[in-house]
Amino acid sequence: MLKEFFIQTYSIVLSVVLGYIVWLLKQQKKDRDVNSKGTMLMLRAKLIEYHKEWTERNYITKHGLQNFIEMYEAYHELGGNGMVTHLLEEVEELQIKG
């Protein structure tokens, strides 16, 4: 009788603990998704800003180009769309100074 009680109690506790772990993992994923989305949006805003600045002055520095490319790659790894690809193509056509 006592053995059955412990087995039932263990099963209930195990189910509760596993349910809590699953809930925690889902919350962590939701938090990561929100952080990734926010990072992606900030990268896009900065890429648009850089594109505007550099195309208006008609040149880019080699460090600026490298930063743009790295930001572009991070943006796409986070799930960014192809809108920024057009900006990259235009930036890559600019004259490089410095």
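This report describes the helices, salt bridges, surface patch and one loop residue of a predicted model.

**How the helices are arranged**

Helix α1 covers residues 2–57, and two other helices, α2 (residues 62–77) and α3 (residues 83–92), can be described by the way they lie against α1. The axes of α1 and α2 come within 10 Å and cross at roughly 150°. Because angles over 145 degrees count as roughly antiparallel, this crossing makes α1 roughly antiparallel to α2. In the case of α3, the axes of α1 and α3 are 10 Å apart, and the two helices pack at an angle of about 30°. Angles under 35 degrees count as roughly parallel, and α1 and α3 are therefore roughly parallel to each other. As for handedness, α1 passes α2 in a left-handed crossing, and the crossing of α1 and α3 is left-handed as well.

**Salt bridges along α1**

The structure holds 4 salt bridges, and the table sets out pairs from among them, with the distance between nitrogen and oxygen atoms for each pair.

| Pair | N to O distance |
|---|---|
| Asp33 and Lys29 | 2.8 Å |
| Lys52 and Glu56 | 2.7 Å |
| Arg57 and Glu53 | 3.6 Å |

The spacing of these partners along the chain is worth following one pair at a time. Asp33 and Lys29 both lie in helix α1, where they are 4 residues apart, or about one turn of the helix. Lys52 and Glu56 are also in α1, and because they are 4 residues apart there, about one helical turn separates them. Arg57 and Glu53 are likewise 4 residues apart in α1, so that about one helical turn lies between them.

How far are the side chains of these pairs open to their surroundings, and which of the partners are exposed or partly exposed? Lys52 has a relative accessible area of 49% and is therefore partly exposed, whereas its partner Glu56, with a value of 58%, is exposed. The cut-off that separates these two partners is 50%, since a residue counts as exposed over that value. In the pair nearer to the middle of the numbering given here, Asp33 is partly exposed with a relative accessible area of 40%, and Lys29 is partly exposed with 44%. For the remaining pair in the table, Arg57 is partly exposed with a relative accessible area of 31%, and Glu53 is partly exposed with 37%.

**A nonpolar patch on the surface**

Tyr10, Val13, Leu14, Val17, Leu18, Ile21 and Leu25 form a nonpolar patch on the surface, and together these residues have about 640 Å² of accessible area. One of them, Ile21, lies in helix α1. Ile21 has a relative accessibility of 39%, and for this reason it counts as partly exposed.

**An unusual backbone angle at Asn58**

Most residues other than glycine have a negative phi. Which sign does phi take at Asn58, positive or negative? Phi of Asn58 is near 75°, which is a positive value in a residue other than glycine. Asn58 lies in the loop between α1 and β1 (59–60), and with a relative accessible area of 55% Asn58 is exposed.

Methods:
Residues numbered from 1 in each chain as written. Predicted model: local features only at pLDDT ≥ 70, side-chain atom pairs only at ≥ 80, totals over all residues. Heavy atoms only, no water. Patch = residues over 30% accessible without salt bridge, like charges linked within 9 Å, V, L, I, M, F, W, Y side chains within 5 Å. Areas by Shrake-Rupley, 256 points an atom, 1.4 Å probe, with all protein chains shown as cover. Salt bridge = Lys/Arg side-chain N within 4 Å of Asp/Glu carboxyl O. Buried < 20%, exposed > 50% of the residue type's maximum accessible area, 1.4 Å probe, protein only. Axes fitted to C-alpha atoms, helices over the stretch in contact; angles between N-to-C directions. Parallel < 35°, antiparallel > 145°, perpendicular 65-115°, else oblique. Left-handed = near helix turned anticlockwise from the far one by under 90°.
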